Amino acid sequence: MPGAEPRLPATLGGEGWLGRTASHGEDLAAGQLWRACGNRSETGRLRRVALARPPASLAAIADPQVQLLLRCPDLQRLQAQFFALKQYFESAGVAVDVLDDAAAPPNILFMRDLFFMTPEGAIVARPASRQRAGEARLVSRFLADLGIPILLTVHADGLFEGADALWIAPDHVLIGIGRRSNASGAAQVSETLARIGVKCSLVDLPPGVQHLLGSVNFLSPGKAVYNGAARSPAIEAALSAQGIACVICTEREEIERDRVLNFVAIDAGHVIAPAGGARTRAQLQRESVRVDSLDVSEYLACAGGIGCSVGILARDPPAVAEAAVD
Ligand SMILES: NC(=[NH2+])NCCC[C@H](N)C(=O)O
């Protein structure tokens with residue numbers, strides 16, 4: 001018909017073009033495009049975690065130092081400990097996804113280091129050691145296969161390991177700068193989090209500390225445990241500025257050898273910790289914390305505890321009322 005507008009194809013915005021209106025966060029919450037995931041707390045009810053099946057590469061280590069291990073683990077015992085950990089979570093009502101790659105390098109065990117879960121998806125680490133460099137690619141594939149969005153892969157000259165980042169409030173992350181995470185990595189993480197309304201504070205880690213998680217861990221939103229052998233005024237100031245009370249633990253052997261503070265909270269006031277460390281465990285119990293424990297001696301041989309081994313995929317946000325209870 002003369003004068004009639006030619007019909008615009010849908011690809012150019014004509015009829016049939018379906019523009020998106022929901023935000024990424026809304027897509028995630030709807031649970032169709034992506035697997036439900038997300039976190040903004042260290043102690044909100046734990047819902048889903050990632051564990052790595054101990055790979056065969058752990059049986060073929062000549063010199064443990066070369067692989068950043070303290071001693072060579074017994075692979076069979078390590079596998080039994082992995083199954084016990086998996087079973088523990090499942091019986092606590094926490095879903096477990098397993099990264100199962102027989103050819104993965106040994107430290108894949110420490111999933112907490114490999115990504116950091118935000119309310120809108122994961123940030124993939126850029127591990128600081130050459131020994132662990134290849135793990136980022138394996139964890140990216142794992143997360144993608146699960147349907148978990150990856151908001152950022154730390155890149156350029158950035159270094160970042162997930163155990164250097166802790167939620168100190170639902171809109172605030174504390175990042176430890178040291179051997180494992182550098183200023184560029186922390187800046188990249190901060191920029192990504194700023195876009196979703198989360199701020200970051202940076203603190204230098206004291207010497208001798210592997211990750212921020214080795215100095216501090218959380219019992220409830222308002223109460224942290226602090227490794228008294230690695231005190232840092234900057235970290236203490238960051239916590240107290242947030243109104244977080246610190247329980248100082250001073251049993252050095254129990255913290256360093258047994259890694260009893262390297263736990264994961266199942267919920268506020270309930271943690272799963274490496275076995276041993278009786279005095280520290282009693283101290284936590286006096287704070288009204290339920291401390292479950294598991295023998296993870298072969299993980300300890302690899303230089304990490306339960307906190308380091310568990311990648312957090314989903315926690316409930318801390319309940320408003322719960323934030324006041326500590
Ligand atoms: N978040 C942790 N503390 N992870 C333990 C990592 C141990 C591992 N062998 C490494 O040196 O990288």
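## Ligand surroundings

In this predicted model, 13 residues surround the ligand, and those that come nearest are Leu68, Asn107, Asp113, Gln210 and Cys308.

Polar contacts to ligand nitrogen atoms involve both backbone and side-chain atoms of the protein. A polar side-chain atom of Asn107 is placed 2.6 Å from a nitrogen atom of the ligand. On the backbone side, a polar atom of Leu68 lies 2.8 Å from a ligand nitrogen, and a backbone N or O atom of Cys302 is found 2.9 Å from a nitrogen atom of the ligand. The ligand taken alone exposes 350 Å², of which the protein buries 98%.

## Three-stranded sheet

Three strands form an open sheet in the order S3-S4-S5, and their pairing is mixed. Strand S3 (115–118) and strand S5 (150–153) occupy the edges; each has a single partner strand, so one side of each is left without a neighbour in the sheet. From one strand to the next, the twist averages 20°.

Strand S4, covering residues 121–124, runs parallel to S5 and is joined to S5 by three bridges. Opposite Ala122 stands Ile150 in S5.

## Helices across the sheet

Two helices are described here with respect to these strands. Helix H3, made up of residues 135–146, lies across S3, S4 and S5, and runs at about 165° to S4. Helix H4, residues 183–194, also lies across S3, S4 and S5; the angle at which H4 runs to S5 is about 155°.

Notes: Residues are numbered from 1 along each chain as its sequence is written. This is a predicted model: local features need pLDDT of at least 70, side-chain atom pairs count only at pLDDT 80 or more; totals for chains, interfaces and linings use all residues. Side-chain values use heavy atoms; hydrogens and water are left out. Two strands pair if DSSP finds at least two bridges between them. Helices (H or I, at least four residues) and strands (E, at least two) are DSSP runs, numbered from the N terminus. Axes are lines fitted to C-alpha atoms, for helices over the stretch in contact, and angles run from 0 to 180 degrees between N-to-C directions. Contact means heavy atoms within 4.5 Å. A residue is near a molecule or strand if one of its heavy atoms lies within 4 Å of it. A polar contact is a pair of N or O atoms within 3.5 Å; within protein, one must be able to donate a hydrogen and the other to accept it, and residues adjacent in sequence count only if both atoms are side-chain atoms. Accessible areas come from the Shrake-Rupley method with a 1.4 Å probe; for residues, only the protein chains shown count as cover.
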